[in-house]
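Here's a quick briefing to read alongside the model. It starts with one residue, then takes in the whole fold and the empty spaces inside it.

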Amino acid sequence: MEAVVFDLDGVLVDSERMWDEVRQAFAATHGGTWLADSTRAMQGMSTPEWASYLVDEVGVRLSPEATAEGVVDEMAARYAQGPPVIEGAVDAVRAVAARCPVAIASSSPPVLIRAFLEATGLSSLVPVALSSEQTGAGKPAPDVYLAAARELGVDATTCAAVEDSTNGLRAALAAGMTVYAIPNPHFPPDPAVLATVTVVDSITALPDALR
């Protein structure tokens, strides 16, 4: 194993419910109707993808660009009060970074990734932090994971990936990485996908699991 690539939402920050709350409220304010599968459908999508989904499928009466701006602005305002960092996540990243290079490969927009790194003091330990909106298709496509490996200067097949959602797990598997799952308790991943990866109980247990 030459590097470890972390997802952000649901792995290092407890933000999946926040994203869901903000998107649902935004959709309701702008004429949309939330669908039964909307929450899971958007997990892992890049910003342009979920913004288009809110317009085309949920019925938000704005352009995708205005939709993305409105939702991200609200998320940034919440992060300004302090990102919802998962207990033990910062120490886990530090422990892993002491042994090998680390990166973040996230569906969050760059502004939120930067806010997390600055708030936690991890910027200097995480040399590569990419959003899927910078790299091509969102998860479950492997684009952001492949790009993270390239920027680290390693082959994706020599990396471990840490994920929590079905689409994220599929993306890392498609990239050829060794995948560790920390299942999101609020949005449990597909059991069939979990059966193909190594399951870890919590982020605090990850450094030992990687050994």
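**Thr120 and the spaces inside the fold**

Thr120 is buried: its relative accessible area is 13%, and the cut-off for buried is under 20%. Keep in mind that this is a predicted model.

**Around Thr120**
- You'll find Thr120 in helix 6, which covers residues 110-120.
- Setting aside neighbours within four places in sequence, Thr120 touches Val85, Val90 and Arg94.

**The overall build**
- The protein has 10 helices and six strands.
- A compact globule of 211 residues would have a radius of gyration near 17 Å, and the 16 Å found for this protein agrees with that.
- Along its principal axes, the C-alpha trace spans about 50 × 35 × 30 Å.
- Of the 211 residues, 53% count as buried.
- Take the contacts with a separation of 6 or more: 65% of them come from residues 24 or more positions apart.
- The accessible surface is about 8800 Å², and carbon and sulfur atoms hold 50% of that.

**The largest pocket**
- The largest pocket holds about 150 Å³ of space.
- Its lining includes Gly10, Val11, Asp14 and Ile86, along with Ile182, Pro183, Asn184, Pro185 and His186.
- Asp201, Ser202 and Ile203 also help line this pocket.
- Sorted by class, the pocket lining has six nonpolar, four polar and two charged residues.

**The largest cavity**
- How many cavities of 30 Å³ or more turn up in a search of the whole structure? There are two.
- The largest cavity has a volume of about 160 Å³.
- Its lining has 16 residues, and those closest to the centre are Asp9, Glu16, Gln43, Gly44 and Ser107.
- Helix 1 (residues 16-29) gives the largest share of that lining, with three residues.
- The class split for the largest cavity is four nonpolar, five polar and seven charged residues.

**The second largest cavity**
- The second largest cavity comes in at about 60 Å³.
- Lining it are Glu16, Trp19, Asp20, Arg23, Trp34, Thr39, Met42, Gln43 and Phe187.
- Which helix supplies the largest share of this lining? That's helix 1, with four residues.
- Helix 2 (38-42) chips in too: helix 1 and helix 2 each supply at least two lining residues.
- By class, the second largest cavity is lined by four nonpolar, two polar and three charged residues.
- Glu16 and Gln43 are worth finding on screen: they are listed among the residues closest to the centre of the largest cavity, and they also line the second largest cavity.

Note on methods:
Residues are numbered from 1 along each chain as its sequence is written. This is a predicted model: local features need pLDDT of at least 70, side-chain atom pairs count only at pLDDT 80 or more; totals for chains, interfaces and linings use all residues. Side-chain values use heavy atoms; hydrogens and water are left out. On a 1 Å grid over the protein atoms alone, a cavity is a set of points where a 1.4 Å probe fits but cannot get out, and a pocket is an open set with protein on both sides within 12 Å along at least five of seven lines; lining residues have an atom within 4 Å of a point. Grid points are joined across faces, edges and corners, and a volume is the space filled by probe spheres set on the points. Ala, Val, Leu, Ile, Met, Phe, Trp, Tyr, Cys and Pro count as nonpolar, Asp, Glu, Lys and Arg as charged, and the others, Gly among them, as polar. The radius of gyration is taken over C-alpha atoms; the globule rule is 2.2 Å times the number of residues to the power 0.38. Buried means under 20% relative accessible area, exposed over 50%, partly exposed in between (1.4 Å probe, protein chains only). Contact means heavy atoms within 4.5 Å. Accessible areas come from the Shrake-Rupley method with a 1.4 Å probe; for residues, only the protein chains shown count as cover.
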